[in-house]
Number of protein chains: 2
Amino acid sequence: MTYRIDRLGTLLQDASRRLWGRFEHRTADYGLSAAQWRLMGHLLREGPMTQIALAALLDVEPISVSRLTDRMEQQGWLRREAHPEDRRARIVVATAKACEVAPTVRALVDGLYDQALSGLSDEERRVLHRALLKITENLQAAEAQPSSSETPK
Amino acid sequence: MTYRIDRLGTLLQDASRRLWGRFEHRTADYGLSAAQWRLMGHLLREGPMTQIALAALLDVEPISVSRLTDRMEQQGWLRREAHPEDRRARIVVATAKACEVAPTVRALVDGLYDQALSGLSDEERRVLHRALLKITENLQAAEAQPSSSETPK
DNA sequence: TATTGTTATACTCTATAACTATA
DNA sequence: TATAGTTATAGAGTATAACAATA
């Protein structure tokens, strides 16, 4: 374990920003931002759910989901329906408009991933995949259990 | 090349956000944001340079550098000095305050990277490093030469 | 004419705090 | 008391457009 990746933070951010930048550039015609697509992706993948559930998946505060869904609902990408059992809660549902566009966007994303990963072998891709999951997992654990150099409340 | 990483965008963003989030959490006492540290990192690494040069390194618009350096200068992290040859331009220089804190922050970053990469072998780290560089490179090339599915001006 | 950097303005995303309605 | 969601407000980051000063 002597190999420390220099500027890991910059590398990760650059790759992420460029990928999302390309995505946003290509999907500009649809009128959804990257953050909104990210929410929509979870919604299409997991099905209708409450805003609290969405906030957990997106790892943001509920108020942020409130803001995102506000605009998306206005533009007809989703609806907020009453929860059948809990009158406080609302179920967020993707509209037909979203479901129609989804396959096109998914194909676009697939093409973008191919482009991004061009020149990397299957084995390298597997390692990359595993490494990214591991990093997130490690940092998640670090958040749950702060190190001694930090000051837990 | 049959292995396509599912949700590559989400994986990259999650890893990046968590890493920068941890970084910001640990450096909160210094009063610089993640974006400001990113700028400072380039400045310390490459030495004094114009705002245009910084904008190119950070891959943002000059106006964004203007905003960042405004606040950083007010807080005493850098100075904007006159360019000796070009009176339009200004050279951005890190102050002693920044240079003093730098080693501490660098050590903190190294520790954070160790934490993030924990459980990954040297070989896996090398592959990760190469893969991240390759992704950025691929997407950079894509920006320079848009695909047929896009509409170049 | 082109470049460096700014001001004015605006947008998105995100968050804290205080609140309503409901559980 | 706790939870789902909101309003009010604010901040960071980024951007376009118009402009100034200089090359």
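Biologist: Which element gives the largest share of the surface near DNA strand C?

Modeller: That's H4(A), with five residues. Bear in mind that this is a predicted model. Other elements giving two or more residues there include helix H3 (51-58) of chain B.

Biologist: What makes Arg88(B) a polar contact of a base in DNA strand C?

Modeller: The cut-off is a pair of N or O atoms within 3.5 Å. A polar side-chain atom of Arg88(B) sits 2.4 Å from a base oxygen of the strand, so the pair qualifies. Arg88(B) is also one of the residues that come nearest to DNA strand C.

Biologist: How do you know that Ser64(A) and Ile52(B) touch the phosphates of that strand?

Modeller: Same cut-off, within 3.5 Å. For Ser64(A), a side-chain N or O atom is 3.1 Å from a phosphate oxygen of DNA strand C. For Ile52(B), a polar backbone atom is 2.9 Å from one. As for the strand's atoms within 4 Å of the protein, 70% belong to sugar or phosphate.

Biologist: And DNA strand D: what makes Ala35(B) a polar contact there?

Modeller: A backbone N or O atom of Ala35(B) is 3.4 Å from a phosphate oxygen of DNA strand D, and the limit is 3.5 Å, so it counts. Arg90(A) has a backbone N or O atom 2.6 Å from a phosphate oxygen of DNA strand D. On this strand, the largest share of the nearby surface comes from H4(B), with five residues.

Biologist: How many charged residues does the surface near DNA strand D have?

Modeller: Eleven, alongside seven nonpolar and five polar ones.

Biologist: Why is H1(B) called largely enclosed?

Modeller: Buried means under 20% relative accessible area. In H1(B), 14 of the 19 residues are buried, so the rest of the structure largely encloses this helix. Helix H1 of chain B covers residues 8-26 and reaches 27 Å from first C-alpha to last, close to the 27 Å expected at 1.5 Å a residue.

Biologist: What makes E2(A) and E3(A) a pair?

Modeller: Pairing takes at least two bridges, and five join E2(A) to strand E3 (residues 90-94) of chain A, so they pair. The two run antiparallel, with Ala82(A) opposite Arg90(A) in E3(A).

Biologist: Why are E1 and E2 of chain A called edge strands?

Modeller: The open sheet runs in the order E1-E3-E2. Strand E1 (49-50) and strand E2 (78-82) each have a single partner strand, so one side of each has no neighbour in the sheet.

Methods. Residues are numbered from 1 along each chain as its sequence is written. Chains are lettered from A and ligands numbered from 1 in the order in which they are written. This is a predicted model: local features need pLDDT of at least 70, side-chain atom pairs count only at pLDDT 80 or more; totals for chains, interfaces and linings use all residues. Side-chain values use heavy atoms; hydrogens and water are left out. A residue is near a molecule or strand if one of its heavy atoms lies within 4 Å of it. A polar contact is a pair of N or O atoms within 3.5 Å; within protein, one must be able to donate a hydrogen and the other to accept it, and residues adjacent in sequence count only if both atoms are side-chain atoms. Helices (H or I, at least four residues) and strands (E, at least two) are DSSP runs, numbered from the N terminus. The expected span of a helix is 1.5 Å times one less than its number of residues. Buried means under 20% relative accessible area, exposed over 50%, partly exposed in between (1.4 Å probe, protein chains only). Ala, Val, Leu, Ile, Met, Phe, Trp, Tyr, Cys and Pro count as nonpolar, Asp, Glu, Lys and Arg as charged, and the others, Gly among them, as polar.
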